[in-house]
Amino acid sequence: MTGLPPLDTAIAVRLKRNDAGLVPAVVQDRATGRVLMMAWMNDEALAATLSTRRATYWSRSRNSLWVKGETSGNIQDVVEARLDCDGDTILLVVDQHGPACHTGTDTCFDADVLLPVAAAQT
């Protein structure tokens, strides 16, 4: 994306990127608290997200930036962005408009329950 400011140096030095220069971003719905999806960000995607408040990610399959909802209309307005204590994961709290998952569901984490919620012990 051109014309946007680069990632702030104070943020960039804290990021722990993988070998491809990417950091995982976990996306949470502000209204429900549900985890919606996970995507990858590079410095440019994070800078664009912070500057525009529109969730922007790095697509590994397309090898390019993508703004969530640019083609589907299912946009994510970013209301808060946080970096975890180790600098290796980003949390985006968003107002989600439409389904978050490319399959058309509200969340990417509704297909397979590997361990169900345990019953409350009394």
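Two strands count as paired when DSSP finds at least two bridges between them. Keep that in mind as you explore this predicted model.

**Stop 1: β5 and β6.** Select residues 76–83, which make up strand β5, and then add β6, at residues 90–96. The two strands pair in the antiparallel sense, with seven bridges between them. Now pick L83: its bridge partner in β6 is I90. The hairpin of β5 and β6 has six residues between the strands, and there G87 takes a positive phi near 75°.

**Stop 2: β3 and β4.** Next, select residues 56–59 for β3 and residues 64–67 for β4. These strands also run antiparallel, and four bridges join them. Show W58 as sticks and look across to β4, where L65 stands opposite. β3 and β4 form a hairpin too, with four residues between them.

**Stop 3: N63.** Stay with this hairpin and click on N63, in the loop between β3 and β4. N63 has a positive phi of about 55°. Is N63 buried or exposed? N63 counts as exposed, because its relative accessibility is 56% and the cut-off for exposed is over 50%. For a distance check, add N42: the C-alpha atoms of N63 and N42 are 11 Å apart, while the two residues are 21 apart in sequence.

**Stop 4: a surface patch.** Finally, switch on the surface and select V35, M38 and F109. Together they form a nonpolar patch with about 270 Å² of accessible area. Zoom in on F109, in the segment after β6. With a relative accessible area of 54%, F109 is exposed.

Methods: Residues are numbered from 1 along each chain as its sequence is written. This is a predicted model: local features need pLDDT of at least 70, side-chain atom pairs count only at pLDDT 80 or more; totals for chains, interfaces and linings use all residues. Side-chain values use heavy atoms; hydrogens and water are left out. Patches are made of residues with over 30% relative accessible area and no salt bridge: like charges are joined within 9 Å, nonpolar side chains (Val, Leu, Ile, Met, Phe, Trp, Tyr) within 5 Å. Accessible areas come from the Shrake-Rupley method with a 1.4 Å probe; for residues, only the protein chains shown count as cover. A salt bridge is a side-chain nitrogen of Lys or Arg within 4 Å of a carboxyl oxygen of Asp or Glu. Buried means under 20% relative accessible area, exposed over 50%, partly exposed in between (1.4 Å probe, protein chains only).
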